[in-house]
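Reader: I should like to learn how to read a model of this kind, beginning with its sheets and ending with its interface. Where should one start?

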2 protein chains.
Amino acid sequence: MLVAIALFPRVTALDAVGPYEVLQRVPELDVVFTGENRGEVRTDNGFLGLTVDASFDEVPAPDVVVVPGGIGTADLLGGGPYLDWLRAVHPGTRFTTSVCSGSLALAAAGLLNGLTATCHWGFAEHLRRFGAVPVQERVVTHPDRRIITAAGVSAGIDMAIQLVSLLVDDVAAQATQVYIEYDPQPPFDAGHPGKVGAAVMERVGEYAKARP
Amino acid sequence: MLVAIALFPRVTALDAVGPYEVLQRVPELDVVFTGENRGEVRTDNGFLGLTVDASFDEVPAPDVVVVPGGIGTADLLGGGPYLDWLRAVHPGTRFTTSVCSGSLALAAAGLLNGLTATCHWGFAEHLRRFGAVPVQERVVTHPDRRIITAAGVSAGIDMAIQLVSLLVDDVAAQATQVYIEYDPQPPFDAGHPGKVGAAVMERVGEYAKARP
């Protein structure tokens, strides 16, 4: 099976690399990083370059699609090669998935019409503009529509483990989890706005302004 | 403050990108991906290219160093530019850190002599060869020696959040956590060999053999 992770300028690196790191462990899955053009794309802040190895026209029939989010998502939503490719390949996939604001791209491509979906907490309400129904869940799975959306950034890891259980089996999913030692022990219980106080959210606002 | 993430051929992407995604949110921190030579390095299986933006001689005085792990770690341990750079810059850092088998590189550079340290569960015992004392912890911090080691692959996220609390403050650390929505909900409790059965470990063995 071929997994295509679709990059774009100003992507959030962990949105893409979290799922990649889980999925690449499974020998039945090959992973290709695709995008409009071959070559380097830079992440949201420009600090990291990731390579697009195959342009969209070289990846016409992936079995799984992963759409990461990032600041650059905003530039995709008006239409163009990225959404065209999503619309073209989705009918043939086993699962079309997103992480973070990537669900806005799925929605803008018309793939989430009437569906519940999740997104980074900061962007979830925008899903309504494109006919989707935002819900605050870590991962939302619609097996009948072959669509899976994950919440912000790090949620792609949880999503990908679940995806392996759907594509292969539960033993495979757990094997990927122990392989990447995903036994999370964050030093704080601060992973969602509902879990932190005003001082933390104020700091997030400052950081977002300083480094958009 | 400058954070240098030191890449090498056959690095594990999430080891590097997990900490990057946390640290890059903090405006006080700039991040540079460094390595022996500028240009692309490919990850352990070759599926992803990451860009080295500055060679080691261009990064002589980083404030923080992050050493990821990966299959390619084995090629570093005999000595060469990577270990030479670690030895040269460590005296000037605020923290020199590692993720996964990256702690073997710190140890081979002589930075873990007599210290407890952690590592990916599959490689922890190798620490002894280089004078370190392996312990099964998610993150091991030695503030007096300015050394922090993290367990396998995904543990770099936990490590980096803790690092932000040391470099800035707890509010900053929690701000990065909520920003990347690190509210882990793995679908299984399978993050460590002690938590899974023989069938899962057998599958890990098969996967490691099929895709080393």
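Author: One may start with the strand order. This is a predicted model. In chain A, seven strands make up an open sheet, and they follow the order 5-2-1-6-7-11-10 with mixed pairing. Strand 5 (54–55) and strand 10 (139–142) of chain A are the edge strands, as each pairs on one side only.

Reader: What does pairing between strands rest on in general? In which sense do strand 10 and strand 11 of chain A pair?

Author: Strands of a sheet pair through backbone hydrogen bonds, and the sense is either parallel or antiparallel. Strand 10 of chain A is joined to strand 11 (residues 147–150) of chain A by four bridges in the antiparallel sense. To fix the register, note that A:Ile148 in strand 11 of chain A has A:Thr141 opposite.

Reader: Which strands of chain A does helix 1 touch?

Author: Helix 1 (residues 13–23) of chain A packs on the sheet, where it touches strand 1 (2–6), strand 2 (30–35), strand 6 (64–67) and strand 7 (95–99) of chain A. The direction of helix 1 makes about 165° with that of strand 1 of chain A.

Reader: What is the strand order of the open sheet in chain B?

Author: The open sheet of chain B has seven strands in the order 5-2-1-6-7-11-10, and its pairing is mixed. Its edge strands are strand 5 and strand 10 (139–142) of chain B, each of which pairs on one side only.

Reader: How is strand 1 of chain B joined to strand 2 of chain B? What is the hand of the crossover between them?

Author: Strand 1 (residues 2–6) and strand 2 (residues 30–35) of chain B run parallel and are joined by five bridges. Within this pair, B:Ala4 lies opposite B:Val32 of strand 2 of chain B. The chain passes from strand 1 of chain B through helix 1 (residues 13–23) of chain B to strand 2 of chain B, a β-α-β crossover that is right-handed.

Reader: Which residue stands opposite B:Thr34 in strand 5 of chain B?

Author: That residue is B:Ala54. Strand 2 and strand 5 (residues 54–55) of chain B pair over two bridges in the parallel sense.

Reader: How many bridges join strand 7 to strand 11 in chain B, and which strands does helix 4 touch?

Author: Strand 7 (residues 95–99) and strand 11 (residues 147–150) of chain B run parallel and are joined by four bridges. B:Ser98 stands opposite B:Thr149 in strand 11 of chain B. Helix 4 (residues 155–167) of chain B packs on the sheet and touches strand 7, strand 10 and strand 11 of chain B. The direction of helix 4 makes about 165° with that of strand 7 of chain B.

Reader: Let us turn to the interface. What is often given as the size of an interface, and how many residues of chain A are in contact with chain B?

Author: The size is often given as the accessible area lost when the parts come together. Here one may instead count contacts: 61 residues of chain A are in contact with 61 residues of chain B. Two or more residues each come from helix 1, strand 2, strand 4 (49–52), helix 4 (155–167), helix 5 (170–179) and helix 6 (198–210) of chain A. Helix 5 of chain A gives the largest share, eight residues. By type, the side of chain A that touches chain B holds 37 nonpolar, 15 polar and nine charged residues.

Reader: What rotation superposes chain A on chain B?

Author: A rotation of 180°, with 0.0 Å of shift along its axis, superposes chain A on chain B at an RMSD of 0.0 Å. That is the relation of a two-fold axis. The C-alpha of A:Leu50 is the one in chain A nearest the axis, at 2.5 Å. Since 100% of the interface residues of chain A are also interface residues in chain B, the copies meet through the same surface.

Reader: At what angle do helix 5 of chain A and helix 6 of chain B pack?

Author: Helix 5 of chain A and helix 6 (residues 198–210) of chain B pack at about 70°, their axes being 8 Å apart. Helix 5 of chain A is therefore roughly perpendicular to helix 6 of chain B. Among the residues making the contact are A:Val171, A:Ala175 and A:Tyr179 of helix 5 of chain A, and B:Val200, B:Arg203 and B:Tyr207 of helix 6 of chain B. The residues of this contact divide into nine nonpolar, one polar and one charged.

Note on methods
Residues are numbered from 1 along each chain as its sequence is written. Chains are lettered from A and ligands numbered from 1 in the order in which they are written. This is a predicted model: local features need pLDDT of at least 70, side-chain atom pairs count only at pLDDT 80 or more; totals for chains, interfaces and linings use all residues. Two strands pair if DSSP finds at least two bridges between them. Two residues are in contact if their C-beta atoms, placed from the backbone, lie within 7 Å. Axes are lines fitted to C-alpha atoms, for helices over the stretch in contact, and angles run from 0 to 180 degrees between N-to-C directions. Ala, Val, Leu, Ile, Met, Phe, Trp, Tyr, Cys and Pro count as nonpolar, Asp, Glu, Lys and Arg as charged, and the others, Gly among them, as polar. Copies are superposed by least squares on the C-alpha atoms of residues with pLDDT of at least 70 in both. Angles under 35 degrees count as roughly parallel, over 145 as roughly antiparallel, 65 to 115 as roughly perpendicular and the rest as oblique. A crossover is right-handed if, with the strands pointing away from the viewer, the path from the first strand over the helix to the second runs clockwise.
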